[in-house]
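Please consider the aromatic side chains of the model shown below and how they are arranged with respect to one another.

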Amino acid sequence: MSIWRIESTRESAEAFHGRDLPAERAIWRATINETAVVLGSRQDSNIVNHEACQKDGVAIVRRRSGGGVVLLQAFTHLWLDFVVPQGDELWRDDIGESMWWVGDLWAEALAKCEVADLDQLKVHRGGLERSSESDLICFGGLGPGEVTLHGQKIVGISQRRNREMARFQCVVHKAWSPNLYRKYLLVDQEISRLAVAEVSGLDLLAQTVIDLAATR
């Protein structure tokens, strides 16, 4: 069984998204020091209300993985990156299947933290499920490995991979605010319809995830 390297960083969302992590089995916990609107790799920055962001000091960041916008505020979410090198026992060539173990790990940790019973937490093993909001907002769709509770997404996962490694970026929200999405994006969709589960006790959850990962 391989050993996980555990790292923590406190920096901007832009700095961590841009950081090239080494191709070794590791878990990185990212704590951001500023609010950020994080765009998917293919999204047009014209969807952002630049005036509102500038006024409130909100950074506008583009990540390398696809998907929709994620709004990140300091201390309102848990952000963990898992790095798995090519050839690791957790490596899967199939991109969708490669994310299943990540969702299973989160579901087990959420159950141990008594957020919900394990049989109430569903790890998505199908393809990408879109909604009318999913091209705009990350939590509007459902991808492989992502976890839901009573139909509400509770763990969002995106993946970046190259020949050397896969990097799974995971976010759980302590607080979800559709009003802030409406404020910082120029959108017509009814964002309040999005179903997003909120979780308290993020430090305990992070440690539980790390402890359980040691058994993988």
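The paragraphs that follow treat the aromatic pairs, their burial, and the charged groups placed over rings.

In this predicted model, eight aromatic pairs are present. One of them is formed by Trp4 and Phe82, whose ring centres lie 6.1 Å apart with an angle of 80° between the planes. Because an angle over 60 degrees counts as edge-to-face, the pair is assigned to that class. Trp4 belongs to the segment before strand E1 (5-11), whereas Phe82 is in strand E6 (residues 77-85), so that the contact links distant parts of the chain, 78 residues apart. Trp4 is buried because its relative accessibility of 9% falls under the 20% cut-off. Phe82 is likewise buried, its relative accessible area being 0%. Trp4 and Phe82 also belong to one aromatic cluster together with Trp101 and Phe168.

Strand E6 also contributes Trp79, which pairs with Phe16 of helix H1 (residues 13-18). The two partners are 63 residues apart in sequence, and the pair therefore ties together separate parts of the chain. The geometry is edge-to-face, with 5.1 Å from centre to centre and 80° between the planes of Phe16 and Trp79. Both Phe16 and Trp79 are buried.

Two further aromatic rings are approached by charged groups. Lys153 is placed over the face of Phe139, 4.9 Å from the ring centre. At Trp91, the charged end of Arg161 sits over the ring, at a distance of 4.5 Å from its centre.

Terms used. Residues numbered from 1 in each chain as written. Predicted model: local features only at pLDDT ≥ 70, side-chain atom pairs only at ≥ 80, totals over all residues. Heavy atoms only, no water. Phe/Tyr/Trp six-rings, centres within 6.5 Å; stacked < 30°, edge-to-face > 60°. Helix = DSSP H or I, 4+ residues; strand = E, 2+ residues; numbered from the N terminus. Buried < 20%, exposed > 50% of the residue type's maximum accessible area, 1.4 Å probe, protein only. Lys NZ or Arg CZ within 6 Å of the ring centre and 35° of its normal.
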